[in-house]
Amino acid sequence: MHTSEWTRILIRYREPILSRSIFELTVTLVPFVALWTLAWWSLTISAWLALAIALGNAAFLVRLFIIQHDCGHGAFFANRRLSDWLGRFIGVLTLTPYDVWRKTHSIHHATTGNLDDRGVGDIPTLTIREYRERKWIGRAAYRLIRNPVFLFGVVPFYIFFLRQRLPFDLMRSGWRYWISALATNVAIGVTLGSIAWLGGWDVLLFVFLPTMFSAASVGMWLFYVQHQFEDTVWDHEASWDVRDAAFNGSSHYDLPVVLRWITANIGVHHVHHLASRIPFYRLSEVILDHDILAQSQRLTLLDSFRCARLHLWDEQSRTLLSFSDARTIAA
């Protein structure tokens, strides 16, 4: 079935259910606040206990980010203004200026899989030819960026703690994005300053940082496997189609049920890119109703670990390859 036909079929899943949205927000935000409070209190017993609780609480912060993500697509509440203000509030918790992120994320949706329009809201990806044409320092830099330890360890810290403090990708796009970034920074500063004043630096060190950094690393991994898999799709502008790239260039990360709940069905990413207005809690309906979508671009948890060793796009075989496999391809 052509992707345009799927787009028409999926329209009937787009309507948010107000009671369900409120329920999903409640069962995510309330436990998050409760575990934050418990971790804070646990510092009076053991820093290690507080650290363990904080790491577990990263699961709810990941879920909050995905609710913020749905707000950005206008998929969480039918009322757009309500969605936007909820997204801005969650953005303080996730260290993500909502209006800046919403704009760059919309660019990601509009350009995914386009070899001639890369660089905003995506994982740096080179073709084999582009990699070979770089000088040794350029190749070394790309290898560093694509190294799993760097990509899922250093990069999340850089993005969430440093890069998102200013609208780097939208520096000349108007005052709205500067206000979004700076207002979020002020709110974050007031929040963290109040926490430090009331609870001391231990709360930031053993509760805030572990929760935030763990959630950021998980988020980076999820974003990676959603588009960086062997049979993903990249094309030059002349042969690129936004719907085909959205569907075929996005995976179905079929996770175990607990992880599926924590990640709020974001693994059903091929459907999300085809119909981004579908609330995350209705994506499971789509998969249940359409088995062909359940099987398309399917990655299991075990399959996904192999994606971490894929680095270069081969335009001839139309597959993503490892550095070692790319060396076997003739120049």
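Two strands pair if DSSP finds at least two bridges between them. Helices (H or I, at least four residues) and strands (E, at least two) are DSSP runs, numbered from the N terminus. In this predicted model, local features need pLDDT of at least 70, side-chain atom pairs count only at pLDDT 80 or more, and totals for chains, interfaces and linings use all residues. Residues are numbered from 1 along each chain as its sequence is written, and side-chain values use heavy atoms, with hydrogens and water left out.

**Sheet**

- Three strands form an open sheet in the order β1-β4-β5, with mixed pairing.
- β1 (126-127) and β5 (319-321) are the edge strands; each has a single partner strand, so one side of each has no neighbour in the sheet.
- β1 runs parallel to β4 (residues 312-314), and 2 bridges join the pair.
- L126 has L312 of β4 as its bridge partner.

**Largest pocket**

- A pocket is defined on a 1 Å grid over the protein atoms alone, as an open set of points where a 1.4 Å probe fits, with protein on both sides within 12 Å along at least five of seven lines.
- A cavity is a set of such points from which the probe cannot get out; for both, lining residues have an atom within 4 Å of a point.
- Grid points are joined across faces, edges and corners, and a volume is the space filled by probe spheres set on the points.
- The largest pocket holds about 1,200 Å³ of space.
- Its lining has 45 residues, of which G121, I159, Q164, M220 and F223 are the closest to the centre.
- Two or more lining residues come from each of α3 (47-72), α5 (98-111), α8 (148-162) and α10 (201-227).
- The top contributor to this lining is α10, with 8 residues.
- The pocket lining splits into 29 nonpolar, 12 polar and 4 charged residues.
- For these classes, Ala, Val, Leu, Ile, Met, Phe, Trp, Tyr, Cys and Pro are nonpolar, Asp, Glu, Lys and Arg are charged, and the others, Gly among them, are polar.

**Cavity**

- The count is 1 cavity of 30 Å³ or more.
- The largest cavity has a volume of about 130 Å³.
- Its lining has 17 residues; T112, G113, D122, H227 and W234 are the closest to the centre.
- α5 and α10 are the elements that give two or more residues to the cavity lining.
- By class, the cavity lining has 5 nonpolar, 9 polar and 3 charged residues.

**Helix α5**

- α5 has 14 residues and reaches 20 Å between its first and last C-alpha, close to the 20 Å expected at 1.5 Å a residue; the expected span is 1.5 Å times one less than the number of residues.
- Buried means under 20% relative accessible area, exposed over 50%, and partly exposed in between (1.4 Å probe, protein chains only).
- In α5, 10 of the 14 residues are buried, so the helix is largely enclosed by the rest of the structure.
- The buried residues of α5 include W101, R102, H105, H108 and H109.
- They pack against α3, α4, α9, α10, α11 (242-248) and α13 (269-274), where contact means heavy atoms within 4.5 Å.
- G113, just after α5, takes a positive phi of about 80°.

**Helices α4 and α9**

- α4 (residues 80-93) has 14 residues, which should span 20 Å at 1.5 Å a residue; its end C-alpha atoms are 20 Å apart, which agrees.
- S83, D84, L86, G87, I90, G91 and V92 are buried in α4.
- Their cover includes α2 (18-42), α3, α5 and α9 (175-199).
- α9 has 25 residues and reaches 35 Å from first to last C-alpha, close to the expected 36 Å.
- Y177, S180, A181, T184, I188, I195 and A196 are the buried residues of α9.
- The cover over them includes α2, α4, α5 and α10.
- G200 sits just after α9 and takes a positive phi of about 90°.

**Two residues of α3**

- H69 lies in α3 and is buried, at 4% relative accessible area.
- Leaving out residues up to four places away in sequence, H69 touches W101, H105, I266 and H272.
- A58 is also found in α3 and counts as buried at 5% relative accessibility.
- With the same sequence neighbours left out, A58 touches T211, S214 and A215.
- A58 and F213 are 155 residues apart in sequence, yet 8.2 Å apart in space, C-alpha to C-alpha.
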